[in-house]
Amino acid sequence: MMAYLTFFRRYLMWPTIGATLFLLASCVTSSKERGNGIQTSESAYGNYLAARYATASNDVKAASRYFSAALEKEPENELLRQNSFLSAVLAGEISKGAEIARPALDTEVEARLMRLSIAAEELAHERFMSAEAVLAQGEYGPFSAIVRQLLRAWASYGAGDVDKALSLLDGANSSSIFTSNIAFSRASMLDLAGRNAAAQDAYKATIAIGKYSDRVLYAYGSFLERQGKADEARAQYEKAMAVFLDSPMANAALARLDAGKGKGVKAIKPLISNAAEGAAEALFGPAQILVAQQHFDRALTYLEMARHVDPQHAAAIDLLALLMEAVDRPDDALIANQSIKRNSPYGMKADLNKASMLFRMDRRDEGVALYRKLAQKHPGDERLLAVYADVLRTIEDFDAALPLYTQIIDAMGETAGWQLYFSRGTVLERLGRWREGVPDFRKALEIKPNQPEVLNYLGYTYVDAGENLEEGMTMIEQALSLRPEAGFIVDSLGWAHYRLGNYEQAVRYLERAVEMSPGEVTISDHLADAYWQTDRRLEARFQWKHTLTLEENDDVDFAAVAEKLAHGLRDKPTVAVADP
């Protein structure tokens, strides 16, 4: 979003002379636009100011409305047209953006995205020849030029000229980041055109490039199914699940094959079944590249165009919603998420993402309720149950989390990962049943011997309990050697020395831990205690006072910290000693 804001700051330059008068006039002469509840001004400058405020507030719908109102007052303002266009696209108003952009074509005002948005509008209405004509002209940057060529190819395909479409793909000069996208479009076109032998070769060539997505594997699998090669198709679906872990399309296909609904059936729907869907996929691929490069603002524009061309492109909408949340547009994110059909392969993923969004928006009760609903609806889905168990552990509902972890581990048997055993062990420890958790910690280390979080947790548990002290200290030191930058592990080692009565050594480690994690309340409290035991009373009180300014957690009792601040540590701590 930063580049979006910078765009406005750079280009919207209004005369400063008389600005105050403009502003006062805008406050007096305002009118309410019909049906949208947004107050617009009678002056261009007043609307511009409102648009700037809406932009800064990430209210893209309001920004678009205000910029449009300003443009109506000043239709010859070229820079205002550019910003009106961009705000409309970011608001998902592609038809409106295309309307704003058309007068700017072939002028100095034309921006690179303008022709792409007009083409998206034409493609969405299957006006393929018109889209191809728009894209045949104009100037483009290195990135948008490849996207333009992909869209031209799909427009030509939609207009019925398959050979021209393929030749346009052949003529797309591409950097390595686009090689897979171009190859995938070629394979999809050949598949859709019924040129099966060439399509199979093209799918294989796309996968051989190496930079493919799970959607490529699904598309090839669906092609193979339609050729009556169900076993080969299954191999592609299983590869998608193994490589990408979360592949909704492949997961749905495997479930269908397992249920016997489709083996030998040739009418399986391909991933791309028409030119508009192909164009949307051609916009989605570049958006993924932009996300990987952290160009979120540009990615949003491509995703909005993809959604406009194919309103059912669930993968694009799913990514769009996540990006909206990332740029502080949570309400827009939820609306976009809700537009994904829940009976589609992306339905469960959309629900899980919605629950996570609610959680991050501090609407925890709603998020937990949705997780619970999903777990009840899909009681045999171990991955879903694991997510729900993790959520319960996060909100410290350990009693509810424990049986879920046990259910998942029992169901998965030998395939249960170290994370599940570690999670169940931590739950048992938090319930005060740490000895029951030790076998789970050891099982986690058996599966993944050098896992630093497990080593640290079990080592600290031993030292804090005064048992297996030598092994516990060795585990913590090993964990620190594996993750020397982890403040919480440095804290563990410092607190272990404290529990053993090695206060000077404890201070050295705990001071280092505080430097690494200055806002961690537990580490701050630990350091204050260590200062007190080394007769650094003034520093101890300062550190306790600082502790009370940090965010409280369940491991630190602020009432106890306040008591220590007032009276110090009244009793020497119990020093952990090894059993004889």
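Tutor: Buried means under 20% relative accessible area. Keep that cut-off at hand; the model is predicted.

Student: What makes Tyr220 count as buried?

Tutor: Its relative accessibility is 5%. The cut-off is under 20%. Tyr220 therefore counts as buried.

Student: Where is Tyr220 placed, and which residues does Tyr220 touch?

Tutor: Tyr220 sits in helix 13, residues 214-226. Leaving out residues up to four places away in sequence, Tyr220 touches Gln200, Tyr203, Lys204, Ile207 and Gln236.

Student: How far apart are Tyr220 and Met412?

Tutor: In sequence, 192 residues. In space, 30 Å from C-alpha to C-alpha.

Student: Why is helix 14 called oblique to helix 15?

Tutor: Take the axes of helix 14 (residues 230-244) and helix 15 (residues 248-258): they cross at roughly 140° and come within 9 Å. Roughly antiparallel needs an angle over 145 degrees, and roughly perpendicular needs 65 to 115. The crossing fits neither class, so helix 14 is oblique to helix 15. The crossing is also left-handed.

Student: Which residues make that contact?

Tutor: Helix 14 supplies Ala230, Arg234, Tyr237, Glu238, Ala240 and Met241. From helix 15 come Ala250, Asn251, Ala253, Leu254, Arg256, Leu257 and Asp258. By type, the contact of helix 14 with helix 15 has eight nonpolar residues, one polar and four charged.

Student: What makes helix 7 roughly antiparallel to helix 8?

Tutor: Again, the angle. The axes of helix 7 (residues 112-124) and helix 8 (residues 128-135) cross at roughly 170°, coming within 8 Å. The cut-off is over 145 degrees. Helix 7 is therefore roughly antiparallel to helix 8.

Student: Which residues meet there, and how do they divide?

Tutor: On helix 7, Arg115, Leu116, Ile118, Ala119, Glu122 and Leu123. On helix 8, Phe128, Ser130, Ala131, Val134 and Leu135. The contact of helix 7 with helix 8 divides into eight nonpolar, one polar and two charged.

Student: Which residues have the most contacts inside the largest nonpolar core?

Tutor: Leu151 and Tyr302, in a core of 113 residues. Helix 16 (residues 275-292) gives the most to this core: 10 residues.

Student: What does Leu151 touch?

Tutor: Beyond residues up to four places away in sequence, Leu151 touches Leu116, Leu123, Leu135, Ala279, Ala282 and Leu283.

Student: What lies apart from the largest core?

Tutor: Another core, of 70 residues. Among them are Leu402, Phe441, Ile489 and Leu550.

Note on methods:
Residues are numbered from 1 along each chain as its sequence is written. This is a predicted model: local features need pLDDT of at least 70, side-chain atom pairs count only at pLDDT 80 or more; totals for chains, interfaces and linings use all residues. Side-chain values use heavy atoms; hydrogens and water are left out. A nonpolar core is a set of buried Ala, Val, Leu, Ile, Met, Phe, Trp, Tyr and Cys residues joined through side-chain atoms within 4.5 Å. Buried means under 20% relative accessible area, exposed over 50%, partly exposed in between (1.4 Å probe, protein chains only). Helices (H or I, at least four residues) and strands (E, at least two) are DSSP runs, numbered from the N terminus. Contact means heavy atoms within 4.5 Å. Axes are lines fitted to C-alpha atoms, for helices over the stretch in contact, and angles run from 0 to 180 degrees between N-to-C directions. Angles under 35 degrees count as roughly parallel, over 145 as roughly antiparallel, 65 to 115 as roughly perpendicular and the rest as oblique. A crossing is left-handed if the near helix is turned anticlockwise from the far one by less than a right angle, and right-handed if clockwise. Ala, Val, Leu, Ile, Met, Phe, Trp, Tyr, Cys and Pro count as nonpolar, Asp, Glu, Lys and Arg as charged, and the others, Gly among them, as polar.
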